[in-house]
Amino acid sequence: MSKRFLTVVCSCVALGFTISANSAEEEKTAEKKFDAKCIVSGAPAKEASFVDYRGKKLFFCCENCPKAYKADPDKFLAKANHQLLYTKQITEVACPLTGKPINEEKTVDIAGTKVGFCCGNCQAKAEKAGDDAIALVFADFDKGFTLQTTCPVSGAPIVADQKVSFRGLDVYFCCPKCPAAFEANPKKFAKKVPQIVEKRKKNKQKKADKKS
């Protein structure tokens, strides 16, 4: 057997191992793509098992846990809000304890999610809360978070200090130019703002309830 033939064989074997390793790595990456914990059981959630919550998705581990959630949604409110941030379906725009601007140097990892605070005092409260941190930080959604993740004008990620008030709701944008475009034609962009969509649905439901 010639040296050249052996070299070719070895190269093919090595290439085979490389392809296999890459395939295995790709499979692992695909498996890790979805990552969330069931808000009822604490077990790994399944992407296919979810219910609607404020126009977003709450993920569960099985068919029974959504039933437990629907029976008493207020019991799981803080965990639900935490899961939305963990799965990047919402954006933190202010300190969740005070509603003040976030200090980027004052952050705490809460069950795998980085949360920013306005000052050292709020940061310390979250750190000292331990297992109760989720309840402390995520109970009041509107104080520190928004249903938006993208600018309704450009589609780019929103920035906390770029916002306007529209019919009692804060609408966030990516830059100083986009608010003007929104205000010039809010009807065009309103359907891209989840908090506006949610409010409209609630108003429609109230009207329907009054008629029934």
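This passage walks through the aromatic ring pairs of the structure and the charged side chains that sit over two of the rings. The model is predicted, with local features needing pLDDT of at least 70 and side-chain atom pairs counted only at pLDDT 80 or more, while totals for chains, interfaces and linings use all residues. Residues are numbered from 1 along each chain as its sequence is written, and side-chain values use heavy atoms, leaving out hydrogens and water.

Eight aromatic pairs are found in the structure. Here, rings of Phe, Tyr and Trp (its six-membered ring) pair if their centres lie within 6.5 Å; planes under 30 degrees apart count as stacked, over 60 as edge-to-face and the rest as tilted. Phe 141 and Phe 145 form a tilted pair, because their planes meet at 40°, with ring centres 6.0 Å apart. Both Phe 141 and Phe 145 are buried (under 20% relative accessible area, with exposed over 50% and partly exposed in between, for a 1.4 Å probe and protein chains only).

The rings of Phe 166 and Phe 182 have planes at 80° and centres 5.4 Å apart, so this pair is edge-to-face. The pair joins distant parts of the chain, 16 residues apart: Phe 166 belongs to strand S7 (residues 159-166) and Phe 182 to helix H7 (residues 178-184). Helices (H or I, at least four residues) and strands (E, at least two) are DSSP runs, numbered from the N terminus. Phe 166 is buried at 15% relative accessibility, and Phe 182 is buried at 1%.

Ring pairs also connect Phe 34, Phe 50 and Phe 59 into a cluster. Lys 57 sits over the face of Phe 50, 4.4 Å from the ring centre. Arg 54 likewise lies over the face of Phe 141, at 4.4 Å from the ring centre. A charge counts as over a ring if NZ of Lys or CZ of Arg is within 6 Å of the ring centre and within 35 degrees of the ring normal.
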